[in-house]
Amino acid sequence: MRVLKSLNLRGWLLMGTAACGVVLAGAIATLGSSASAGASLEERKLPMKFGWVACEPNCRGWVSAVGIITADTPKDFDDFARGRQLGGATVVLDSSGGSVNDAITLGRRFRNLGLLTTVGITQQGTRPAVASEAYCESMCVFLLLAGKKRYVPEAAHVRVHQIWMGDRADDAKAASYSAQDLMIVERDIGRLAKYTFDMGGAGDLLSLALNVPPWEDLHELDAAELKLTNLVTTDLVADVLPHVDVMAPAVAELAPKTQARFGEEQAQPAKSTKTAEAVVPTGGAATPAALPPK
């Protein structure tokens, strides 16, 4: 918070209106790209679900986390974790994002359990595996940051953007904003910044996200940016998923928006859709302000 206080009030107000918007708790998610399979895309539009993937005796197993982070997601995770020995386990993420404050709450749960994180799509079967072409967008990126060790496969898509107030996401440029809205923006930027630094992330992650307005395509982080932001802590999949098959697609459906990792030029991807509010059942009433920090 000391970093945030170093900026003057006028600077924060300008940032709130022109550079960034922050969601109310449980209100926002990004639906900004096509998934590698139709079924996975449909799951990513629904509230996040957790599943335990057992692969003994070959490996310990891992947690599959697919879908949008809603106001119910932290409780759903607590229910899932109850009675399980999850300490030090790996979470495999495939998510379009979701609520800022609920993602922060969930991320702190992950860190308290010493979980490891990566991006992928779980493939069930006689021998479970992980498909590496998956998507982690918007607030999912900050869940990824919660892992004590973090690995991103080359075929995965990690994308960031500004997070806007849900009831005005459809036409953010034309919408009007009150002083109360600006207060919420400033407060939640502070929460997100503190969380980022608590998790060991770099300020570059916030900077990259805050530079992409909701009416533009999401920015896909390349290999250099993944390391610059400290989202990646290891280049070895075995550090997070030992003895697990991680399958890269023969032909990627969606190439990175930036120059290919490791210097190889790839074709330009299809344009992603604009960011949008996700209208999903959460089981709870929306709140007009973000929740206080834990």
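Buried means under 20% relative accessible area, exposed means over 50%, and partly exposed lies in between. The exercises below apply these words to a predicted model.

**Exercise 1.** Which exposure class does Asp 78 belong to, and where does its salt-bridge partner Arg 109 lie?

*Solution.* Begin with the relative accessible area of Asp 78, which is 27%, so that this residue is classed as partly exposed. Next, take the contact itself: the side chains of Asp 78 and Arg 109 form a salt bridge, with 3.0 Å from N to O. Finally, place both residues in the chain, where Asp 78 belongs to helix α4 (residues 73–81) and Arg 109 to helix α5 (residues 100–112), 31 residues apart. Arg 109 has a relative accessibility of 26% and therefore counts as partly exposed.

**Exercise 2.** Why does the salt bridge of Asp 245 and Arg 127 tie together separate parts of the sequence?

*Solution.* First note that the two side chains meet at 3.4 Å, N to O. Asp 245 is found in strand β11 (residues 245–247), whereas Arg 127 sits in the loop between β5 (121–123) and β6 (129–131), so the pair connects parts that are 118 residues apart in sequence. As for exposure, Asp 245 is partly exposed at 31%, while Arg 127, at 52%, is exposed.

**Exercise 3.** Are Arg 191 and Asp 188 buried or exposed?

*Solution.* Start from the salt bridge between their side chains, at 3.2 Å from N to O. Both residues lie in helix α7 (residues 179–198), and because they are three residues apart, about one helical turn separates them. Arg 191 has 13% relative accessibility and is therefore buried, and Asp 188, with 1%, is buried as well.

Terms used:
Residues numbered from 1 in each chain as written. Predicted model: local features only at pLDDT ≥ 70, side-chain atom pairs only at ≥ 80, totals over all residues. Heavy atoms only, no water. Salt bridge = Lys/Arg side-chain N within 4 Å of Asp/Glu carboxyl O. Helix = DSSP H or I, 4+ residues; strand = E, 2+ residues; numbered from the N terminus. Buried < 20%, exposed > 50% of the residue type's maximum accessible area, 1.4 Å probe, protein only.
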